[in-house]
Amino acid sequence: MTEVMNSPPIVGVGVMILDTSENVLLGLRSKSGEVASWCFPGGKIDTGESFEQSAIRETFEETGLKLDPKEMQVFSVFVDRTAPYINTTVGLCYKLNDLRLKANVQVMEPDIFQQWDWFSLSDLPANLFPATEVMLKIWGDKALSSQWASYLIKS
């Protein structure tokens, strides 16, 4: 029997922030060693955090936005079945009803992000981060490749 090296599982969050015109906030991720891509705020869940707490923290760390945790909604969970480790992402949605907050978005981690911008759901950039692309497909009720197992959360 061949021994397989197990990496610890990764559980992360992705936060789809929608404004009142159904535009989404995406950051141009240019992390060293990766191909540049557009992605939602997000990251790994810290020990003791709920999905919502992690989403609020990650969004603040990356964009400077202070969001109300009561307005954060989990809408999906998905797993990358081709990763060499267990890689699970929880997709959350936040409706940004106070448009004054849009002016507060800023690059807080310049070693990871070049910029943040708002995009129409019908006019998204082509180079999406894989987990962001999956979240958008789930949101739009579109088929996923067999690489992904997804679970829709109904509220």
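Two rings of Phe, Tyr or Trp, the last taken by its six-membered ring, form an aromatic pair if their centres lie within 6.5 Å. With that meaning in place, a search of the whole structure, which is a predicted model, finds four aromatic pairs. Two of these pairs are described further below, once the fold that holds them has been laid out.

The protein is built from two helices and eight strands. Read from the N terminus, the elements follow the order β-β-β-β-α-β-β-β-α-β. The radius of gyration is 15 Å, close to the 15 Å that the globule rule gives for 155 residues, so the protein is as compact as a globular protein of that length. Along the principal axes, the C-alpha trace spans about 60 × 35 × 35 Å.

The contacts and the surface add to this picture. Of the contacts in the protein with a separation of 6 or more, 66% are accounted for by residues 24 or more positions apart. Buried residues make up 43% of the 155 residues, while the surface that the protein exposes comes to about 9,000 Å², with carbon and sulfur atoms supplying 52% of it. As for charge, the protein carries 13 positive and 20 negative side chains, and the centres of these two sets lie 3 Å apart.

We can now return to the aromatic rings. A pair of aromatic rings is described by the distance of the centres and the angle of the planes. One of the four pairs found by the search is formed by Phe75 and Trp139, whose rings are 5.0 Å apart from centre to centre, with 75 degrees between the planes, an edge-to-face arrangement. This pair links distant parts of the chain, since Phe75 belongs to strand 5 (residues 73–80) and Trp139 to helix 2 (residues 130–139), with their positions 64 residues apart in the numbering. The two partners can also be described by their exposure: Phe75 has a relative accessible area of 7% and is buried, whereas Trp139, at 33% relative accessibility, counts as partly exposed.

The rings of Phe113 and Trp116 have their centres 4.6 Å apart and their planes at 35 degrees, so this pair is tilted. The cut-offs make the reasoning plain, because planes under 30 degrees apart would count as stacked and those over 60 as edge-to-face. Here Phe113 is buried at 2% relative accessibility, and Trp116, with a relative accessible area of 11%, is buried as well.

Methods:
Residues are numbered from 1 along each chain as its sequence is written. This is a predicted model: local features need pLDDT of at least 70, side-chain atom pairs count only at pLDDT 80 or more; totals for chains, interfaces and linings use all residues. Side-chain values use heavy atoms; hydrogens and water are left out. Helices (H or I, at least four residues) and strands (E, at least two) are DSSP runs, numbered from the N terminus. The radius of gyration is taken over C-alpha atoms; the globule rule is 2.2 Å times the number of residues to the power 0.38. Buried means under 20% relative accessible area, exposed over 50%, partly exposed in between (1.4 Å probe, protein chains only). Contact means heavy atoms within 4.5 Å. Accessible areas come from the Shrake-Rupley method with a 1.4 Å probe; for residues, only the protein chains shown count as cover. Lys and Arg count as positive and Asp and Glu as negative; His and the chain ends are not counted. The place of a charge is taken as NZ of Lys, CZ of Arg, CG of Asp or CD of Glu.
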